[in-house]
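Subject: Structure handover

Hello,

Here is the structure I promised to pass on. Please open it alongside this note; my findings follow below.

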Amino acid sequence: MHPGQPLQTVGIISRPRRQHLSVVVPPLLKWLEARGVSAVYDEETANSLPDTSKGRTRQLVADSSQLLLVLGGDGTMLAAARLAASRNIPILPINMGSLGFLTSFTLDELYPALEDTLTGRSSISQRVMLQVQLERAGSVIENQSALNDAVINKGALARMIELHLIINSEFVCRYRADGLIVASPTGSTAYSLSAG
């Protein structure tokens, strides 16, 4: 979605097995339809509706959306961020749980936040994401994007590992430790919670 571009399609991604989605989603879909906005939604969201047949994979939802509306907590937000980043689409996170460091709005703020977004009165906060590669024996075996942090830890209890930290192809240092957390400016939800 680019500034000034009218919002025509909202993708809805929901936290799995959230019981009160069946109360939230049907009026939300009617609200969007009344404003001429199409909604596409994931299979979790579809499970809260009488007709579950219109649910799509999260990838397909992101592919056909100008905005992702996330109904869930931080875990759902982190999953949506990985989808949205590569497609350059914004996210409107609505906290549906008890804990939400990353979800900006409460359920009570859903419609005012959507109204502000549709009318262009909301601001967009851009976030840095981490791009992480795991290499073993000189081969990349995993690529991941992360909004909050990347965690490297040992496989067995009471065992030290040796880590070589390289950022942007530049060697930074070598660690002997039981693990390493590399946090983005958004930060680690788990670390924030444990630090109080």
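Of the 196 residues of the protein, 37% count as buried. Keep in mind that this is a predicted model. The exposed surface comes to about 12000 Å², and carbon and sulfur atoms supply 50% of it. The secondary structure consists of 6 helices and 11 strands. Among contacts in the protein with a separation of 6 or more, 56% are between residues 24 or more positions apart.

The interior next. In soluble globular proteins, nonpolar side chains tend to be buried together. The largest nonpolar core here has 23 residues. Which of them touch the most other members? They are Val10, Ile12, Leu28, Leu32, Leu69, Leu71 and Leu114. Two or more residues of this core come from each of β1 (9-14), α1, β3 (67-72), β4 (91-95) and α5. Helix α1 gives the largest share, 7 residues. A separate core of 10 residues lies apart from this one. Its members include Val40, Ala62, Ala84 and Ile89.

Take a look at Val10 too. Set aside its neighbours within four places in sequence. Val10 then contacts Leu32, Val37, Ser38, Ala39, Val40, Ser65, Leu67 and Leu69. One of these partners, Leu32, is listed with Val10 among the core residues that touch the most other members. Another partner of Val10 is Val40, and Val40 belongs to the separate core.

Now the aromatics. The structure holds 1 aromatic pair. The ring centres of Trp31 and Tyr111 are 5.3 Å apart and the planes meet at 50°, so the pair counts as tilted. Trp31 sits in helix α1 (residues 21-34) and Tyr111 in helix α5 (residues 110-118). The two are 80 residues apart, so the pair links distant parts of the chain. Are these residues buried or exposed? Trp31 counts as buried because its relative accessibility is 14%, under the 20% cut-off. Tyr111, at 28%, counts as partly exposed.

Last, a loop residue. Lys54 lies in the loop between α2 (43-46) and α3 (58-63). Its relative accessibility is 54%, so Lys54 counts as exposed; the cut-off is over 50%. Tyr41 is 13 residues from Lys54 along the chain, and their C-alpha atoms are separated by 7.5 Å.

The files are yours from here.

Best wishes

Notes. Residues are numbered from 1 along each chain as its sequence is written. This is a predicted model: local features need pLDDT of at least 70, side-chain atom pairs count only at pLDDT 80 or more; totals for chains, interfaces and linings use all residues. Side-chain values use heavy atoms; hydrogens and water are left out. Helices (H or I, at least four residues) and strands (E, at least two) are DSSP runs, numbered from the N terminus. Buried means under 20% relative accessible area, exposed over 50%, partly exposed in between (1.4 Å probe, protein chains only). Rings of Phe, Tyr and Trp (its six-membered ring) pair if their centres lie within 6.5 Å; planes under 30 degrees apart count as stacked, over 60 as edge-to-face and the rest as tilted. A nonpolar core is a set of buried Ala, Val, Leu, Ile, Met, Phe, Trp, Tyr and Cys residues joined through side-chain atoms within 4.5 Å. Contact means heavy atoms within 4.5 Å. Accessible areas come from the Shrake-Rupley method with a 1.4 Å probe; for residues, only the protein chains shown count as cover.
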